[in-house]
Amino acid sequence: MTSPNILIFDIEPSSDATKSLLTILKESASLRDCATRILRATDITADTKDDPDKFLMDFDPDLVFISLSPGANLIAAKVVSRVHAHWPALPIILLGNIEDPDAMLALLKEGARDFITAPFDAVNIILRVRRLLEIEPESPVEHIKASFGLRHLVGQNSSFVAEIGKIPIVARCDATVLISGETGTGKELCARAIHYLSPRAKHAFIPINCGAIPPDLAENELFGHERGAYTGAASSQPGIVEEAHCGTLFLDEIDCLSPLTQVKLLRFLQDKEYRRLGSSKTRRADVRIIAATNTDIEESVRQGRLRQDLYYRLHVIPLALIPLRQRTDDIPLLTGHFLNMYTSALNKRVTDISTAAMSKLALHQWPGNVRELEHVIERAVVMCEGSVLTENDITLSRSQTSASHCSFQEGKARAVSQFERNYIKGLLVTYRGNITRAAKAANKNRRAFWELIRKHRIDVNIFKQGTTH
């Protein structure tokens, strides 16, 4: 069974149990395609008792979850008894906490097969569901693909989607990839996705920040050394290239490598051969190279920081990640993603974000891009004392703008244009593409606001797809 039907009896719709369960199911490679249906407590206790039974018959579930609620033991017992009487072979899992052990035991005697208490552990739930449905365990590779694949690359912006859409195609081949994008745009996430969706997924993915390696140690780090190669080399040491054999080596900030190390790396890219420091023996390693840079790579070539021949070797398949300020329509989606992530990780009950808080996020310039947004949401979830993130929970760093070398009039025109564009997109994000409401908030009539949208060539449709949770 690869696509089971899972029914959830939600006795307490205001709790997060059902929402957490749905998130966990979607994160499992073998369960994310399952069909799920939710039946509320109002349906369970309705006078027309045939409706829930008909619902079960029409949906034909393979597994039933019952989301429990404190003080609702009688309702839970009624549901368990009723389901077990009509479908005795149907597995029932109780989800939630019941303070009275006798009450839980009574539910198990009524026919429940298993129970899971909060806080909910994703691995525990998935393992139990697969066991009850007799689904083959996911292979380690499939689990890794689910963990580090495309699901972490969140966004609906057309430019972003166009680049991310290349990843499954790029992963199948074995060519060198060069990823460009500002700090925090997700370059390493893309590199991991390429690796874990590729035939090399069973082997190592090793990320290296070239800017963090002292220039005189870079060659040693990459290719290793033999005993006595330099003072203090008491024993031979393999390099990162050797450790990454059959896998993928991710070289971030590639333009920070010293000229000598660039020559050695170029040779390795050409023939997959290298030598350890102090050795005359040529070694081979089957390694895929994915490089990345947060600067204008062509400018680095012009200024001599990156060898031109190395650039051509690396620039076989380019991926360019746009900054967050150019995909503000994705801010609600990313915010919801991080909100779900950190409410679960930090065991908080934050379920939504206010309109004012979302507007504040939409108008920020995000110099740190998606990574900065993630940290802002994590900090906000920690500080939030209620169930809704407010504007006061959002703490943003001050954006810094670079000095302009244009004339005053040109600089002013650019600033006004940038303000208009960001302001309009911020309102469209806040009001989810509703032009009437956005125009009213801007204190403009609808026609004038629409003219501004056309002036800046903003696609309103993409804002209608975003959600905040």
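**Figure 1. Arg454 and Glu451 sit about one helical turn apart in helix α21.** R454 and E451 are three residues apart in helix α21 (residues 446–455), so about one turn of the helix separates them. In this predicted model, their side chains meet in a salt bridge, with 3.7 Å from N to O. R454 counts as exposed, at 54% relative accessibility, while E451 is partly exposed, with a relative accessible area of 39%.

**Figure 2. A salt bridge joins E299 and R302.** Here is a pair from helix α14 (residues 297–302), again with three residues from one partner to the other, about one turn of the helix. The N to O distance in this salt bridge is 2.7 Å. E299 is partly exposed at 26% relative accessibility, and R302 is exposed, its relative accessible area being 59%.

**Figure 3. D271 pairs with R267 in a salt bridge.** Helix α13 (residues 259–271) holds both partners, and because they are four residues apart, D271 and R267 are separated by about one helical turn. Their closest N and O atoms are 4.0 Å apart. Both side chains belong to partly exposed residues: D271 has 28% relative accessibility, and R267 has a relative accessible area of 35%.

**Figure 4. Salt bridges link E226, E242, R276 and R283 in a network.** If you would like to put this view in context, the count of salt bridges comes to 16.

**Figure 5. D329 is buried but has no salt bridge.** Look for D329 in the loop between β14 (317–320) and α16 (331–345). What is the nearest side chain of opposite charge to D329? That side chain is K425, 4.6 Å away, and a salt bridge would need the nitrogen to be within 4 Å of a carboxyl oxygen. The side chain of D329 does make a polar contact of 3.1 Å with the side chain of N157. Leaving aside neighbours within four places in sequence, D329 is in contact with N157, V429, I462 and F463.

**Figure 6. L346, V382 and M383 make a nonpolar surface patch.** The patch covers about 270 Å². V382 is found in helix α18 (residues 369–383) and is partly exposed, with a relative accessible area of 45%.

**Figure 7. The whole chain, as a backdrop to the close-ups.** The chain has 21 helices and 16 strands, and 45% of its 469 residues are buried. Its accessible surface comes to about 24100 Å², with 51% belonging to carbon and sulfur atoms. Among contacts between residues at least 6 apart in sequence, 73% join residues at least 24 apart.

How values were computed: Residues numbered from 1 in each chain as written. Predicted model: local features only at pLDDT ≥ 70, side-chain atom pairs only at ≥ 80, totals over all residues. Heavy atoms only, no water. Helix = DSSP H or I, 4+ residues; strand = E, 2+ residues; numbered from the N terminus. Buried < 20%, exposed > 50% of the residue type's maximum accessible area, 1.4 Å probe, protein only. Lys, Arg positive; Asp, Glu negative; His and termini not counted. Polar contact = N/O pair within 3.5 Å; in protein donor to acceptor, adjacent residues only side chain to side chain. Contact = heavy atoms within 4.5 Å. Areas by Shrake-Rupley, 256 points an atom, 1.4 Å probe, with all protein chains shown as cover. Patch = residues over 30% accessible without salt bridge, like charges linked within 9 Å, V, L, I, M, F, W, Y side chains within 5 Å.
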